[in-house]
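Open the model in a viewer and keep the sequence panel visible. The stops below give a selection and then what is found there.

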Amino acid sequence: MAKRVGRIYSAIPGDTESEVMDVIEVNGDWFVGKDAFHWPESGCQLITFDIYNVPDDWKWMPGEEPAGPPPALRTVMAEKAGESEIPVSEHVRNKFNVVTGEAALLKIREIVGLTDLGRLGLFDKEYPYVIPMNHGLAGNELYLHGSFEGRKIDLMRQNPKVCYEIDKPLTPGPEGLRSCHLEYVSAQLFGTIREVLNPDERHGVLRTIMSQYGMPFKHGSEKLCQAYVITLEHASARTGRFRPHSQRDLYLYSWK
């Protein structure tokens, strides 16, 4: 059930639209929409409140200020640790809180562990080739498994430089809500992939993957499927999407 919170208007200099937006509370979170007071009947798109940066860019209409503060921000601010070995432009630093070093590595590992599925990106002649896969992380290596032959095998043999992408919504929106502004986290890991040709090493890689999924290891699995290892070179991760710049974190880490 939606609860009325108040109305806000644009306070950005030069903003000619100056639209007044409704703010509602659904399941403990605040959302903004053109006709949100009549949601879901109005069918309007709802956007998370944090993106509006109140009171700097948007202000409450007189008499429409809420009685209490907005819900606590879900973003966990990581402690910055040193300078990144990855070059960071001034534009990026102005747009994000750039976090490097051990704090960045811990956050990247956390995001990798949040989901069971990622996407492997490979070079192809005309178009990139992306395929969903399961994964396991150990040190500076990302473990994958699949078939012994196929298109992805052919492509990784032609060019072993790959990217592995992972993303996960942080909090589901209200039932029935579809929005392109719901918050999520993501990570991209870059490195060089190889097939695991040694059966003993393949046995260990598959055991590691299955243990991270809480599955019992079946002896002989190394004969049924192939394993691949990505030796990681650098990675990035993002949190705080659709929040003010001061609350967006960009994590950068290099294993080189």
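Start by selecting Leu117, which counts as partly exposed because its relative accessibility is 39%; the class lies between buried, under 20% relative accessible area, and exposed, over 50% (1.4 Å probe, protein chains only). The model is predicted: local features need pLDDT of at least 70, side-chain atom pairs count only at pLDDT 80 or more, and totals for chains, interfaces and linings use all residues. Residues are numbered from 1 along each chain as its sequence is written, and side-chain values use heavy atoms, with hydrogens and water left out.

Leu117 sits in the loop between helix 2 and strand 7. Helices (H or I, at least four residues) and strands (E, at least two) are DSSP runs, numbered from the N terminus. Show the contacts of Leu117, meaning heavy atoms within 4.5 Å. Leaving aside neighbours within four places in sequence, Leu117 touches Pro132, Met133, Asn134, His135, Tyr164, Ile166 and Tyr213. A distance label between the C-alpha atoms of Leu117 and Gly136, 19 residues apart along the chain, should read 10.0 Å.

Next, select strand 7, residues 118-122. Which of its side chains are buried? Gly118, Leu120 and Leu122 are, and they point to one face; Arg119 and Gly121 point to the other and are not buried.

Add strand 8, residues 129-133, which runs antiparallel to strand 7 and is joined to it by five bridges; two strands pair if DSSP finds at least two bridges between them. The hairpin connecting strand 7 to strand 8 goes through six residues, and Leu122 is opposite Tyr129. Then add strand 11, residues 161-169, also antiparallel to strand 7, with three bridges. Here Arg119 stands opposite Glu165.

Go back along the chain to helix 2, residues 101-112. Its twelve residues should span 16 Å at 1.5 Å a residue (1.5 Å times one less than the number of residues), and the end C-alpha atoms are 17 Å apart, which agrees. The buried residues of helix 2 include Leu105, Ile108 and Ile111. Strand 11 and strand 14 (249-254) are among the elements that the buried residues of helix 2 pack against.

Now select helix 3, residues 151-158, where Lys152, Ile153, Leu155 and Met156 are buried. Seen down the helix axis, these residues fall within an arc of 165 degrees, so they line one face; the arc is that of the directions from the axis to the C-beta atoms. Their packing partners include strand 7 and strand 8.

Last, select Trp39 and Pro40, joined by a cis peptide bond with omega about 10 degrees. Pro40 lies in the loop between strand 3 (29-33) and strand 4 (47-48).
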